[in-house]
Amino acid sequence: MCALWRGLSPMSDPASASVQDRLSGLLAQAVASLLPQGEEPPLCVFERSRPDFASDYQSAVAMQLARTLRRPPRDIAGQLAELLAESAGELVEAPEVSGPGFLGVRVSEACLAGELARCLGSERLNVPQECSGTVVIDYSSPNVAKRMHIGHIRSTVIGDALRRMGSFLGYKVIADNHIGDWGTQFGQLIYAYRNWLDAEQFDQDPVGELERLYVRFHKEADASPELHDAAREELRKLQAGDPDNFALWTLFRRSSRDAFDSLYDRLGVEFDVTHGESHYKDALGPLVEDLLEQGIAEHSEGAVCVFFRDEHGEDTMTPFLVQKKDGAHLYATTDLATVQFREKEWSPVRMIYVTGGPQQLHFRQVFETSRRMGVTTDMVHVWFGMMSLPEGAFSTRKGNVILLDELLDEAEGRARALQVERLEARGETWSEDELDRLARTLGLGAVKYADLSNNPQTNVVFSFDRMLSFEGNTAPYLQYTSARTNSLARKATDKGLPPPDGRTFVAAHDADRELLLHTLDLGRRVAQAFDEGKPSFLATYLHELATKYHHWYAACPVIQADDEALALSRLNLNQLARRSLVLGLDLLGIGVPERM
RNA sequence: GGAGCCGUAGCUCAGUUGGAUAGAGCGCUGGCCUCCGAAGCCAGAGGUCGUGGGUUCGAAUCCCGCCGGCUUCACCA
């Protein structure tokens, strides 16, 4: 995998590399010249300095070299400063040494102007597109015949953001919705459908009715356990290819897919393929035989199992069951067959699974078993804590769920009410149509951002207020910021200022420099967010950007700027901030309104 | 009991190759709309980074012990 955020990649064309990467490269050359032949240099990078230091970028490399060179770090830093003054003279003002041996540089105004021009001149704001290879991302993966509730949102939203970031960085991404469309519950559903169907209900809301049948089955089976035998028989017939049962299964699957699709549509979430578990049903038997033949799995207590043992024969991990005593296959078997299929079909460089934390053991087992099967692909489990209600865990069977549609309705309702209130205060009126569109953008953004802005691997108790906040570090705050940039640009045009020229930059105020420098970091942060499987890194970046924008806005007059060059520079910065926000939010799957 | 994850401000959480004075949001105190949009900005209070050791020039970050919480431990997915 390429890790652009760690610095200059070997493929980079130095001319298109960021200042930060170019400076790091020059630093590496300087360091190499100080080291004796054959000595391995430490990683030489410049990082952003804290905002209250005079330098823009700093490096701690001199301190790391002190031991090998047996010299005081400040001496080394001083020498590096001289070398950099030579090699990087056009990029930076005189490098300086501070503290225990930090080497700091301040980027020259000419160089900053060049960076601004390169950024604004690039459709993709200079975010590198150097990654290649296929990445498979497995997310959302709801079960057929159940309505999607808020427990599904995290996987869906995080996975979709990873899909967007990955393809923007240049990967060929295959988003695979691994829906639960095969297994025990279908015997139960078929039995329940034949006995208790409310045809009218099914017509109106097929998935709701299927869910009701599923719940009823479990309630009835509690009283009459023999129902499980009847359901098993239906399942057996289905798996043996019985045409009637197969037709019912197809019906359940189709109606669920339709319901999922309309919800994904509402969410703005996409997939490239939806190979459910059923896609692998014929591969399971041969797979188990394969595992046995290769000695990866063995018979144990009538079942087939993969063991993980150390050299003393002690278990290092819980055994992994791939076939039950009765010959039936499991989630584990399907997941291994899925890995095999994806390898053969797509030869990916990485497979990413986005699921809840309780499945950590399962995926460690899947990954380890896959490795024994010869799979060398990088496999990553991106996990998150589970959501629950104040009264306990969600349970479809008990009926205590909050549906995703309800959450979105509530979000849009709140956004709309807030907007109406604000419009009244401003004495404006909007068309119903525009209000609706805004409510959708803000409501959906708030919901998504709540799950993207932090990565709590601890569990969360759901509350509407928690999830639908519109103040502080939220999507509406970022959307508001973007609307504000539009407003400023409109106002400038109205006042007869020239449009941004895409190249003028005047470092009149620290806030001018700070805003520009921050936007230059977008590419690195996107790459890092994708690589670590943490969209929250990008969300944090965007929140910093919005905060810096507001700070700049308060400190730096644009329309009333002292001269035309400065006004132009600030209109450029305004545009850069807007485009960065819009792009970053889009990579998270969040849209922006023109005004709000 | 084994394994995994977590413990940071009153609350919810950021903090990733170990770097200077640990950050944000909510809440709290005070200020800012005749001035480019107050879903905003500025200032302030609030911290033994669970705890004890270790490694290091330097530790919230790495290693070990302990305390507390969550998850999981073969025939569900």
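## Second largest pocket

In this predicted model, the lining of the second largest pocket draws at least two residues from each of α14 and α17. The most generous contributor is α17, which provides nine residues. The lining comprises 27 residues in total, and those nearest the pocket centre are Arg426, Tyr480, Ala483, Arg484 and Met596.

The space within the second largest pocket is about 590 Å³. Sorted by class, its lining residues are 15 nonpolar, eight charged and four polar.

## Surface around RNA strand B

RNA strand B is surrounded by 69 residues, among which Gln58, Arg67, Arg422, Arg426 and Met596 come nearest. Of the strand atoms that come within 4 Å of the protein, 52% belong to sugar and phosphate. The surface near RNA strand B is made up of 31 nonpolar, 21 polar and 17 charged residues.

Arg426 and Met596 are thus named in both settings: they are listed among the residues nearest RNA strand B and among those nearest the centre of the second largest pocket.

## Polar contacts and contributing elements

Side chains approach several parts of RNA strand B. A polar side-chain atom of Lys534 is placed 2.5 Å from a base oxygen of the strand. For Arg466, a polar side-chain atom lies 3.1 Å from a sugar or linking oxygen. In Tyr477, a side-chain N or O atom is 3.2 Å from a phosphate oxygen.

Two or more residues of the surface near RNA strand B come from each of these elements: the helices α2 (61-69), α13 (360-372), α14 (404-426), α17 (475-494) and α20 (535-555), and the strands β8 (303-309) and β9 (315-323).

How values were computed. Residues are numbered from 1 along each chain as its sequence is written. Chains are lettered from A and ligands numbered from 1 in the order in which they are written. This is a predicted model: local features need pLDDT of at least 70, side-chain atom pairs count only at pLDDT 80 or more; totals for chains, interfaces and linings use all residues. Side-chain values use heavy atoms; hydrogens and water are left out. A residue is near a molecule or strand if one of its heavy atoms lies within 4 Å of it. A polar contact is a pair of N or O atoms within 3.5 Å; within protein, one must be able to donate a hydrogen and the other to accept it, and residues adjacent in sequence count only if both atoms are side-chain atoms. Helices (H or I, at least four residues) and strands (E, at least two) are DSSP runs, numbered from the N terminus. Ala, Val, Leu, Ile, Met, Phe, Trp, Tyr, Cys and Pro count as nonpolar, Asp, Glu, Lys and Arg as charged, and the others, Gly among them, as polar. On a 1 Å grid over the protein atoms alone, a cavity is a set of points where a 1.4 Å probe fits but cannot get out, and a pocket is an open set with protein on both sides within 12 Å along at least five of seven lines; lining residues have an atom within 4 Å of a point. Grid points are joined across faces, edges and corners, and a volume is the space filled by probe spheres set on the points.
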